[in-house]
Amino acid sequence: LLTSGRIRSLLPIQVGTIGTVYSRLAKLTAPTILFVDEAHLAGGNMFSTVIQWALDSGSIVIGLTGTPQRLDGKPLGKQFQVMVQARSTAWLIEQGRLSRYRYYAAPHAPDLSGVKKQAGDWNKTELAEAMGKRVITGDAISHWKKYANGLRTVIYCCNVKHSKATAEAFTAAGIPTVHVDADTTGAELQEACQGLATGKYLAMSNCELVIEGFDLSMQAGADVTLECCILLRPTESVARYLQMVFRSLRRKPKPAIILDHSGCAL
C-alpha cells in the first residue's frame, strides 16, 4: 500500500491513490499493468500524467469506470485506445447483481432559471439557494415518510450549508440524520456510517462525499447497504447522476427507493 508513514515494499502489487502515485513517480518503477479506477477522471492533470508515464514505460493501461462520460466533453482517446463495454445496468439488475428500484420523481423540475452555469454544471451556491427552499425540503421529508419510512437513506445536497440545513430539518421532523462532507474527519465519518448501520441515524446528508469510491460497509465494519436515495442536487452531468443513484443499487432483497426532487430524471 502506497501511503505516508509506510516503508515501501517490493511486493508485486502496489495500490495507491492518484495523488500519492503522482507525487512519487520519480521513485516508482512503472508496472507491467496499470489499473486506473474511476477512469472517467483520466483527463485530469494527475491522472493523465501518471497514465502517460506508464505508457511511455511500456505498461499496459486498463481503465475501469461505471460512468465513461465527462461533463467537460474531454475525450479519453489519448489515454485509452479501446473501449470494452461491460453488461448494461438492466442486465445486471435482471441477473440479481444490482438491486431493483422504485423511482419517484417530482412532477415538475425545480425552477433553476436564475442559476448560472459553472464548468458545465450549475453554480453550487446559487443552486443551493434554489433547492434550499422550505417547500422542497418539506416535500422530501413527507415523501420519505410516505415511500421510504425506516429505510437506510443517503441525501445528496448542493453544498455543505445546504446539507447541514437538510440534516437539521430531517432530524427536527423525527428522522435522525447525520451530515458529512469532505472536511469530516475519518473518525467522524466512521461514527456516522456505524450509526447508519445500527439505526442510530436513519439518513446521511452529504455534499460530494457519498459518491465515487464510497463504501458504506467498509466504513461501518459491517455488511450493510443503502436502501433509499434522495436527490436534492440537480446536475447536468450524467456521470454524477449515476454515481449518486448507484449508491443505493447494491444488491439486496427489496427494491431501492429513489426520491428525485431535483429534476434529474426529467
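This report covers the pockets, the cavity, the cysteines and three loop residues of the structure above. The model is predicted.

**Pockets and cavity**

The largest pocket has a volume of about 1,500 Å³. Its lining counts 41 residues. Nearest the centre of this pocket lie Leu64, Thr65, Gly66, Thr67 and Pro68. Four elements each give at least two residues to the lining: β2 (60-64), α3 (89-94), α8 (216-220) and α9 (238-245). The largest share belongs to β2, with four residues.

The second largest pocket has a volume of about 1,000 Å³. It is lined by 30 residues, and Gln14, Val15, Gly16, Val21 and Phe35 are the closest to its centre. Here α1 (18-23), β1 (33-37) and α2 (45-56) each supply at least two lining residues. β1 gives the most, five residues.

One cavity of 30 Å³ or more is present. The largest cavity has a volume of about 60 Å³. Its lining runs through Tyr156, Cys157, Asn206, Cys207, Glu208, Leu209, Val210, Ile211, Arg233, Arg240 and Met244.

The table sets out the linings by residue class.

| Space | Nonpolar | Polar | Charged |
|---|---|---|---|
| Largest pocket | 21 residues | 14 residues | six residues |
| Second largest pocket | 20 residues | seven residues | three residues |
| Largest cavity | seven residues | one residue | three residues |

**Cysteines**

How many disulfides does a search of the whole structure find? The count is zero. Cys193 is in no disulfide, and the nearest cysteine sulfur, in Cys229, is 15 Å away. Cys193 is also buried, because its relative accessibility is 0%.

Cys228 has its closest cysteine sulfur in Cys229 as well, at 6.9 Å. That is too far for a bond, because a disulfide needs the two sulfur atoms within 2.5 Å. Cys228 is buried too, with a relative accessible area of 0%.

**Asn123**

Asn123 sits in the loop between β5 (121-122) and α4 (124-131). Is Asn123 buried or exposed? At a relative accessible area of 17%, Asn123 is buried, because the cut-off for that class is under 20%. The side chain of Asn123 reaches the backbone nitrogen of Thr125 at 3.1 Å. Beyond neighbours within four places in sequence, Asn123 is in contact with Val115, Lys116, Lys117 and Gln118.

**Two residues with positive phi**

Glu38 is not a glycine, yet its phi is positive, about 50°. Glu38 belongs to the loop between β1 and α2. β1 and α2 also supply residues to the lining of the second largest pocket. Glu38 counts as buried, because its relative accessibility is 15%.

Glu208 also has a positive phi, near 60°, and is a residue other than glycine. Glu208 is placed in the loop between β8 (203-206) and α8. How does Glu208 rank for accessibility, buried or partly exposed? Glu208 is partly exposed, because its relative accessible area is 31%, between the limits of 20% and 50%. Glu208 is also one of the residues that line the largest cavity. The helix at the end of its loop, α8, supplies at least two residues to the lining of the largest pocket.

Notes:
Residues are numbered from 1 along each chain as its sequence is written. This is a predicted model: local features need pLDDT of at least 70, side-chain atom pairs count only at pLDDT 80 or more; totals for chains, interfaces and linings use all residues. Side-chain values use heavy atoms; hydrogens and water are left out. On a 1 Å grid over the protein atoms alone, a cavity is a set of points where a 1.4 Å probe fits but cannot get out, and a pocket is an open set with protein on both sides within 12 Å along at least five of seven lines; lining residues have an atom within 4 Å of a point. Grid points are joined across faces, edges and corners, and a volume is the space filled by probe spheres set on the points. Ala, Val, Leu, Ile, Met, Phe, Trp, Tyr, Cys and Pro count as nonpolar, Asp, Glu, Lys and Arg as charged, and the others, Gly among them, as polar. Buried means under 20% relative accessible area, exposed over 50%, partly exposed in between (1.4 Å probe, protein chains only). A polar contact is a pair of N or O atoms within 3.5 Å; within protein, one must be able to donate a hydrogen and the other to accept it, and residues adjacent in sequence count only if both atoms are side-chain atoms. Contact means heavy atoms within 4.5 Å.
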